[in-house]
Amino acid sequence: MRAAIPAVVHNDGTGRLQTVERDVNPLYWKLIRAFGDRTGVPVLLNTSFNENEPIVNTPAQAIDCFLRTRMDVLAIGSYFLLKTENAEIALRRAIAAAA
């Protein structure tokens with residue numbers, strides 16, 4: 001799978017696989033399954049969630065980081081945000097911050 005998902009492979013060729021069990025975290029399991037159904041790759045990359053700051057700890061911090069960065073998608077619980085659908089929100093925040 002290195003060619004299909006190179007971002008999950010460390011420089012030495014290893015990776016840190018983490019599994020999600022349907023009965024333990026059904027919502028996250030469904031998200032991974034849906035992504036796999038659409039792409040053929042049932043894998044989500046989980047990274048430390050921050051950009052030159054402490055790791056996010058609240059939904060508000062996650063949304064702020066999402067709007068400021070080149071992140072494409074943010075899933076929080078049952079909410080799923082796509083950057084292209086939220087460009088107007090980001091623009092409004094940038095205008096408000098500049099004022």
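Two strands count as paired if DSSP finds at least two bridges between them. I keep that rule at hand for the first entry. The model I am reading is predicted.

**Entry: the strands**

I looked up how S1 and S2 are joined. Four bridges link S1 to strand S2, residues 79-82. The two strands run antiparallel. Four bridges satisfy the rule of at least two, so I note S1 and S2 as a pair. I then picked one residue, Ala75, and asked for its bridge partner in S2. The partner is Phe80. Next I checked the turn. The hairpin of S1 and S2 has two residues between the strands. Gly77 in this hairpin takes a positive phi near 60°.

**Entry: the nonpolar core**

Which residues make up the largest nonpolar core? I list six: Val56, Ala62, Cys65, Phe66, Leu67 and Leu74. Helix H2, residues 59-68, gives the most to this core, with four residues. My textbook reminder: in soluble globular proteins, nonpolar side chains tend to be buried together.

**Entry: Cys65**

I stayed with one core member, Cys65. Cys65 is found in helix H2. Is Cys65 buried or exposed? Its relative accessibility is 2%, and the cut-off for buried is under 20%, so Cys65 counts as buried. I then looked up its contacts, leaving out residues up to four places away in sequence. Cys65 touches Phe49, Asn50, Glu51, Glu53, Val56 and Met71. Glu53, one of these, is twelve residues from Cys65 along the chain. The C-alpha atoms of Cys65 and Glu53 are separated by 9.7 Å.

**Entry: Thr69**

Where is Thr69 found? I place Thr69 in the loop between H2 and strand S1. Thr69 has 13% relative accessibility, which is under 20%, so Thr69 counts as buried. A polar atom of the Thr69 side chain lies 2.8 Å from the backbone oxygen of Cys65. That ties this entry to the previous one. Not counting residues up to four places away in sequence, Thr69 touches Glu51 and Lys83. Glu51 is also on the contact list of Cys65.

**Entry: rings and a charge**

Lys83 came up as a contact of Thr69, and I followed it further. What does the charged end of Lys83 sit over? It sits over the ring of Phe66, 4.8 Å from the ring centre. Phe66 is already on my list for the largest nonpolar core. Last, I counted aromatic pairs, meaning rings with centres within 6.5 Å. The count is zero.

Terms used. Residues are numbered from 1 along each chain as its sequence is written. This is a predicted model: local features need pLDDT of at least 70, side-chain atom pairs count only at pLDDT 80 or more; totals for chains, interfaces and linings use all residues. Side-chain values use heavy atoms; hydrogens and water are left out. Rings of Phe, Tyr and Trp (its six-membered ring) pair if their centres lie within 6.5 Å; planes under 30 degrees apart count as stacked, over 60 as edge-to-face and the rest as tilted. A charge sits over a ring if NZ of Lys or CZ of Arg is within 6 Å of the ring centre and within 35 degrees of the ring normal. A nonpolar core is a set of buried Ala, Val, Leu, Ile, Met, Phe, Trp, Tyr and Cys residues joined through side-chain atoms within 4.5 Å. Buried means under 20% relative accessible area, exposed over 50%, partly exposed in between (1.4 Å probe, protein chains only). Contact means heavy atoms within 4.5 Å. A polar contact is a pair of N or O atoms within 3.5 Å; within protein, one must be able to donate a hydrogen and the other to accept it, and residues adjacent in sequence count only if both atoms are side-chain atoms.
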